[in-house]
Amino acid sequence: MEKCNGCGNRCWNGEFRCGKCRFAVDFGCLALPHSALHKIDEHKLKLTYHDDKEQSYCDICEQYRDPSLWYYSCSICDTSAHIECVLGQFPFLKDGVTYPFHYHNHHHALKFFRKVEGFPEFSRCRKFCQEEILKCEKSTCNYIVHNKYNCIEVTKLKLKAL
């Protein structure tokens, strides 16, 4: 099982692989858009395959970025960013999509949102939510599930209804 040359993860669910060399791309990387818009840059960011710099950082999250993995960049502004920072963790989901399953002890359907109003602090991890969330579809219920900082937890928050 090869590692994907795009994301660096093992290709668990299959890959496209060169028959002569060890180059492999998983289905997730194969489906990435060639360009994307993000508020960090006024130009379209292009999917980029190689970086000559030894030390590379993401201009969105300001964390280290492995220069051997794919990323989005703007050559005009010298902007570069992780794929997940540009597209989000769930790039193919639309805001408001309802999930009919029940999570832990929560018994209402949950809706997906890219941004949450007010950047609430989660009680378990104490981080401010700025990323994608699953929020209860009932306006009177404030249950939220998020995946930031490995804090997958249903947390009761006092939020304004989105």
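1. Start at the surface: Phe16, Phe27 and Leu30 make a nonpolar patch of about 310 Å². Patch members have over 30% relative accessible area and no salt bridge, and nonpolar side chains are joined within 5 Å; areas come from the Shrake-Rupley method with a 1.4 Å probe. A salt bridge would be a side-chain nitrogen of Lys or Arg within 4 Å of a carboxyl oxygen of Asp or Glu. Phe27 sits in helix H1 (residues 27–30), helices being DSSP runs of H or I with at least four residues and strands E runs of at least two. At 42% relative accessible area, Phe27 is partly exposed (buried is under 20%, exposed over 50%, partly exposed in between).

2. Keep in mind that this is a predicted model, where local features need pLDDT of at least 70 and side-chain atom pairs count only at pLDDT 80 or more, while totals for chains, interfaces and linings use all residues. Residues are numbered from 1 along each chain, and side-chain values use heavy atoms, without hydrogens and water.

3. Now the inside. The largest nonpolar core (buried Ala, Val, Leu, Ile, Met, Phe, Trp, Tyr and Cys joined through side-chain atoms within 4.5 Å) has 16 residues, and Trp70, Tyr72 and Val86 are among those with the most contacts inside it. Helix H2 (83–87), strand S4 (41–48) and strand S5 (71–74) each supply at least two of its residues, with H2 giving the most, three.

4. Two backbone spots deserve a look. Glu62, in the loop between S4 and S5, has a positive phi near 60° and is exposed at 63%. Asp78 also has phi near 60°, in the loop between S5 and strand S6 (79–81).

Notes: Patches are made of residues with over 30% relative accessible area and no salt bridge: like charges are joined within 9 Å, nonpolar side chains (Val, Leu, Ile, Met, Phe, Trp, Tyr) within 5 Å. Buried means under 20% relative accessible area, exposed over 50%, partly exposed in between (1.4 Å probe, protein chains only).
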